[in-house]
Protein chains: 2
Amino acid sequence: MRILVLGGDGYLGWPTALHLSNKGHEVGVVDSCVRRQYDLEMGVDSLVPIAQLQRRVQVWREVSGREVACWVGDLVDPDFTHRVVREFRPDAIVHFAEQRSAPYSMIDQKHAVYTQHNNVVNTLNVLYAIAEVDPSIHLVKLGTMGEYGTPNIEIEEGFIEITHKGRTDTLPFPKNPHSFYHLSKVHDSHNIQFCCRIWGMRSTDLNQGVVYGQETDETLLHPELLTRFDYDGVFGTVLNRFAVQAVAGHALTVYGKGGQTRGTLDIRDTLACVELACLNPPGEGEYRVFNQFTETFSVLDFANMVAEAFSGEVKIEHTELVRVEKEEHYYNAVHTRLLDLGLKPHLLSKETLQSMLAMVERFKDRIDPKAFLATVNWRHASNYLPTSGSPLPQ
Amino acid sequence: MRILVLGGDGYLGWPTALHLSNKGHEVGVVDSCVRRQYDLEMGVDSLVPIAQLQRRVQVWREVSGREVACWVGDLVDPDFTHRVVREFRPDAIVHFAEQRSAPYSMIDQKHAVYTQHNNVVNTLNVLYAIAEVDPSIHLVKLGTMGEYGTPNIEIEEGFIEITHKGRTDTLPFPKNPHSFYHLSKVHDSHNIQFCCRIWGMRSTDLNQGVVYGQETDETLLHPELLTRFDYDGVFGTVLNRFAVQAVAGHALTVYGKGGQTRGTLDIRDTLACVELACLNPPGEGEYRVFNQFTETFSVLDFANMVAEAFSGEVKIEHTELVRVEKEEHYYNAVHTRLLDLGLKPHLLSKETLQSMLAMVERFKDRIDPKAFLATVNWRHASNYLPTSGSPLPQ
């Protein structure tokens with residue numbers, strides 16, 4: 001099928017595009033490359049050096065013989081978005097193209113507004129482009145498990161049947177997210193659901209957990225196909241950061257008690273889930289939600305597992321809780337719909353961790369310990385960022 | 001107390017400012033006057049002629065001897081927002097300053113994005129201004145009953161206790177709104193609730209029903225103090241529109257069967273509710289929701305009541321359902337919290353309707369029947385608006 005990957009230059013967007021291309025789909029990628037700009041702003045960098053988007057696409061052509069169409073532009077621009085959808089005329093659009101860091105969204109007013117504006121408006125533009133070009137195009141949207149927050153009841157996949165005062169209805173699962181970034185995804189979910197209702201569109205909202213890992217079948221084919229790997233306090237996901245801290249001989253820094261529990265998955269499962277969603281589209285007018293993760297761990301679980309997998313000495317350090325979140329809480333979330341479609345999870349094993357640690361070891365020279373700092377405190381409306389060298393412009 | 005009214009030039013913002021001033025509060029108003037620009041764009045006008053904001057403020061000074069501080073500017077500009085909050089240093093901020101028309105938000109991509117950007121970003125700016133100037137400032141935010149949609153269970157005030165698989169939690173009431181405008185209010189509600197949690201702010205979210213009426217104790221003191229009265233297909237609320245249609249000898253146009261049931265209230269009750277919320281602020285970190293309406297009626301109920309109150313002949317006409325909504329549905333919403341604070345509702349009586357009809361009669365010459373048209377169809381991603389004389393720029 002024809003699949004357009006928005007955000008195709010990013011950590012997950014790029015390997016997803018390669019995976020779909022390798023499976024024989026006609027793939028196009030769209031990206032503004034702004035993710036690289038965030039690194040320049042923050043003064044950090046991917047642990048793994050990455051080739052430019054146009055170069056990656058060329059290397060993939062050479063390695064695989066497959067063509068990936070490529071547009072560089074900003075989806076906040078409605079004309080650009082409309083043009084790309086019209087030109088490529090996809091069967092499915094996989095939408096990764098959002099600012100995806102919670103701490104980045106919490107830096108200050110400017111970054112909060114940027115995140116919500118960028119994410120909400122580009123998704124509205126994609127929705128309008130689909131409505132006008134062909135409402136049967138399936139929108140596969142990356143959401144996040146963080147939309148739900150940490151309720152004291154079991155989290156369902158998007159909807160919950162509620163019986164209240166003798167009457168019953170199935171309604172959207174209540175959302176209680178933890179950052180302006182997560183809120184932007186909640187806003188998107190409401191907007192998308194509405195568009196399915198009024199325009200008969202079809203959409204799958206993938207509420208994804210925290211992804212770890214970096215190597216996929218396709219990216220390993222050539223050094224210039226590798227995807228980025230972030231370990232800094234702003235963009236690094238927690239397990240990736242712990243792996244780098246261990247290799248650097250730095251303590252694993254756990255915020256607060258570390259009882260914060262989250263759904264998680266291997267990068268290879270992200271790729272599989274996205275393809276499963278594309279291959280099994282919902283019906284006309286249907287908005288469905290899949291909780292896209294395979295296991296749950298607490299932050300402290302992750303730290304202990306990395307410490308155990310690492311060959312050397314590792315210290316675990318509890319640092320100030322910079323986010324406003326519960327350090328210990330109930331967490332149980334349903335995640336059966338992707339399994340029902342045939343997902344075969346890669347569970348987190350000592351071997352997985354060791355191969356991740358070996359990858360980090362290869363790029364050890366590029367580690368910058370300054371990047372480990374948790375520089376953004378949720379309680380401050382305006383944060384000063386030491387890694388960026390100077391206060392951010394207000 | 002010191003109360004800053006955002007959107008103080010609007011249908012409700014202006015009479016609210018006068019009411020609060022009359023009650024002895026120190027009042028400031030802020031408005032970009034963009035509401036008047038929408039009229040120019042749509043080619044419609046308020047039935048009642050209204051004075052310019054600066055002139056209104058001057059007349060109020062002459063009539064009452066009271067001073068209302070006044071800023072003209074756009075809250076989407078963070079510097080302006082911050083400056084006003086710092087200069088006036090209110091105890092409470094009453095936030096009406098949003099694009100408030102569902103049909104306007106559904107015209108096309110440009111108007112949907114404008115509505116969500118304007119409403120969400122200006123509210124984020126207000127939140128950041130409060131956080132930075134003084135987190136104890138009470139934000140009284142105008143939301144809408146439309147945030148809930150029409151669930152098949154009783155609607156609670158903002159939160160619902162859910163028991164699910166043997167566990168219980170009180171969570172935000174699930175939202176299922178009917179337009180990009182209503183969605184913008186849902187986005188605001190999520191953002192505000194989050195800010196109360198992280199910054200210890202206090203906020204009251206007034207989920208208001210459909211307001212009718214135009215005369216208040218203060219606006220009747222001078223013709224140049226009158227507030228606007230909209231009856232057009234884009235900005236007119238339903239009862240106001242029916243009153244004008246009756247006086248114009250036009251059929252009352254009911255979309256579909258007219259079983260759409262909504263909470264409603266008299267404009268004088270809006271003023272009273274806002275003051276009650278200001279005088280009874282929530283505690284530090286508390287986000288609370290009041291369902292602000294006094295009665296529920298279906299659209300057809302409204303039409304029948306207007307027909308009965310009007311002295312002449314009135315026809316009721318069922319026209320195409322241009323919105324995507326249920327024509328008949330369960331509707332029952334709790335609304336006790338404002339009554340508990342002492343609200344004495346003005347219920348919708350024949351006398352109220354007759355005084356409204358008499359007011360419309362006085363401005364009969366200004367009625368433009370073209371404005372009655374329901375020009376925006378929810379099912380079209382792009383609507384052509386005959387009243388604006390030409391297709392909107394895309």
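Here is a walk through a structure with two chains, from the whole arrangement down to a single residue.

Before we start, note that this is a predicted model: local features need pLDDT of at least 70, side-chain atom pairs count only at pLDDT 80 or more, and totals for chains, interfaces and linings use all residues. As for names, residues are numbered from 1 along each chain as its sequence is written, while chains are lettered from A and ligands numbered from 1 in the order in which they are written.

Let's begin with how the two chains relate. Turn chain B by 180°, with 0.0 Å of shift along the axis, and it superposes on chain A with an RMSD of 0.0 Å (the fit is by least squares on the C-alpha atoms of residues with pLDDT of at least 70 in both copies). The two copies are thus related as by a two-fold rotation axis.

Now take chain A by itself. Its secondary structure comes to 12 helices and 14 strands; here helices (H or I, at least four residues) and strands (E, at least two) are DSSP runs, numbered from the N terminus. The radius of gyration of chain A is 20 Å, close to the 21 Å that the globule rule gives for 394 residues, so chain A is as compact as a globular protein of that length. That radius is taken over C-alpha atoms, and the globule rule is 2.2 Å times the number of residues to the power 0.38. Along the principal axes, the C-alpha atoms of chain A fill a box of roughly 65 × 55 × 45 Å.

How much of chain A is tucked away? Of its 394 residues, 57% count as buried. A residue is buried if 20 or more other C-beta atoms lie within 10 Å of its own, exposed if 12 or fewer, and partly exposed in between, with C-beta atoms placed from the backbone. Contacts in chain A often reach far along the sequence: among those between residues at least 6 apart, 81% join residues at least 24 apart. For a contact, the C-beta atoms of two residues, placed from the backbone, must lie within 7 Å.

Next comes the sheet. In chain A, 7 strands make an open sheet with parallel pairing, in the order S3-S2-S1-S4-S5-S8-S12 (two strands pair if DSSP finds at least two bridges between them). Strand S3 (68–72) and strand S12 (287–292) of chain A stand at the edges with a single partner strand each, so one side of each has no neighbour in the sheet. On average, neighbouring strands of this sheet are turned by 20° against each other, direction ignored. Helix H3 (residues 53–64) of chain A packs on the sheet, where it touches strand S2 (26–31) and S3 of chain A, and its direction makes about 175° with that of S3(A). Axes are lines fitted to C-alpha atoms, for helices over the stretch in contact, and angles run from 0 to 180 degrees between N-to-C directions.

Over in chain B, there is an open sheet of 7 strands with parallel pairing, ordered S3-S2-S1-S4-S5-S8-S12. A good strand to zoom in on is S8 (residues 202–208) of chain B, where 7 of its 7 residues are buried. In a regular strand the side chains alternate between the two faces of the sheet. Here, Arg202(B), Thr204(B), Leu206(B) and Gln208(B) point one way from S8(B), and Ser203(B), Asp205(B) and Asn207(B) the other way, all of them buried. S8(B) pairs with S5(B) in the parallel sense over 7 bridges, and Val140(B) has Thr204(B) as its bridge partner in S8(B). Another 6 bridges join S8(B) to S12(B), again running parallel, with Leu206(B) opposite Phe290(B) in S12(B).

H6(B) lies across S1, strand S4 (92–95) and strand S5 (138–144) of chain B, at about 180° to S4(B).

Where do the chains meet? The contact takes 43 residues from chain B and 43 residues from chain A. H6(B) gives the largest share of the side of chain B that touches chain A, 12 residues. In the interface, 100% of the residues of chain B are also interface residues in chain A, so the copies meet through the same surface.

Finally, look at Phe372(A), in the segment after helix H12 (350–362) of chain A. With 22 C-beta neighbours inside 10 Å, Phe372(A) counts as buried. Its C-alpha atom is separated by 5.0 Å from that of Asp232(A), 140 residues apart along the chain.
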